[in-house]
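Open the model in your viewer and keep the selection panel at hand. The tour below goes from one selection to the next.

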Amino acid sequence: MHRDPVTTPRQFDNRLLATLPDHDQGRILSNCECIELHRGEVLSEPGEPIRAVYFPTNAVVSLVTRLAGHPGLEVWLIGSEGMIGAPLVLGVDLTRLHTLVQGAGPAWRMSAEAFGEALHQSDALQRTLGRYLAVLMSQAERMVACTRFHVVEARLARWLLMSQDRAHSNRFHVTHEVLAAMLGVRRAGVTRAAMVLQEGRLIDYRRGDVTILDRAGLQAAACDCYRAMEAIDEQIMD
């Protein structure tokens, strides 16, 4: 696949790489290429072999589970704090999730074979990614409860905050259709929730372009899962 040239990010623009000793960083980056991920790009489908791992720097990627007759539900939202292809850490080389780029941006890409070799050679990488898997599992548990018990407006506010954190910007693009799929609700539910946040002057939302106007207000409107998932990440990774 042709890739547009991109400005090479620094390795510490991805937190997982930043935590590694210099020699481990060098070993990994020597086997990586910097690519641009494009919004709407599908990185993998359920049942496909994992051919590469990605360490996003500014890109934002959704991992979505799908059930027959339903559009899907987001399990994880990954940005510069994480990686795509985590099952390889456990020796699993098939993906079970639909992996979709939500926000365009650069990422480091490494072949599955090279990643396996790096994992075998680096105790620091094994420890870091072991903790990262613990974060993902704990956050997925929280997401299940969030989807079941919290109202759409609060969940939408939480999702927007998470997206802002990962996009490193107050502005990003996401359609009602995509939000409905990510939150596991109907499009009409997303429209009503977005109107509530917009009427409260927390966001501006026009033709898929979202601008965060009042982050503090959005945090107050979000369910406590946003803060809880931040705390999970800090407790395990720090």
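Two strands count as paired if DSSP finds at least two bridges between them. Helices (H or I, at least four residues) and strands (E, at least two) are DSSP runs, numbered from the N terminus.

This is a predicted model: local features need pLDDT of at least 70, side-chain atom pairs count only at pLDDT 80 or more, and totals for chains, interfaces and linings use all residues. Residues are numbered from 1 along each chain as its sequence is written, and side-chain values use heavy atoms, with hydrogens and water left out.

**First stop: sheet 1-7-3**

Select strands 1, 7 and 3, which form an open antiparallel sheet in that order. Strand 1 (32-37) and strand 3 lie at the edges, each pairing on one side only. From one strand to the next the twist averages 35 degrees; axes are lines fitted to C-alpha atoms, for helices over the stretch in contact, and angles run from 0 to 180 degrees between N-to-C directions.

Strand 3 and strand 7 run antiparallel and are joined by five bridges. Pick Ala52: its bridge partner in strand 7 is Ser111. Now add helix 3 (residues 112-121), which packs on the sheet and touches strand 3 and strand 7; contact means heavy atoms within 4.5 Å. The direction of helix 3 makes about 75 degrees with that of strand 7.

**Second stop: sheet 8-10-9**

Select strands 8, 10 and 9, another open sheet with antiparallel pairing, in that order. Its edge strands are strand 8 (171-173) and strand 9 (203-206). Neighbouring strands here are turned by 15 degrees against each other on average, direction ignored. Four bridges pair strand 9 with strand 10 (residues 209-212), and Arg206 stands opposite Asp209 in strand 10.

Which strands does helix 5 touch? Helix 5 packs on the sheet against strand 8, strand 9 and strand 10, and its direction makes about 110 degrees with that of strand 8.

**Third stop: helix 5**

Select residues 152-167, the 16 residues of helix 5. Of these, 13 are buried (under 20% relative accessible area, 1.4 Å probe, protein chains only). Move on to His168, just after helix 5, where phi is positive at about 55 degrees.

Note on methods
The expected span of a helix is 1.5 Å times one less than its number of residues. Buried means under 20% relative accessible area, exposed over 50%, partly exposed in between (1.4 Å probe, protein chains only).
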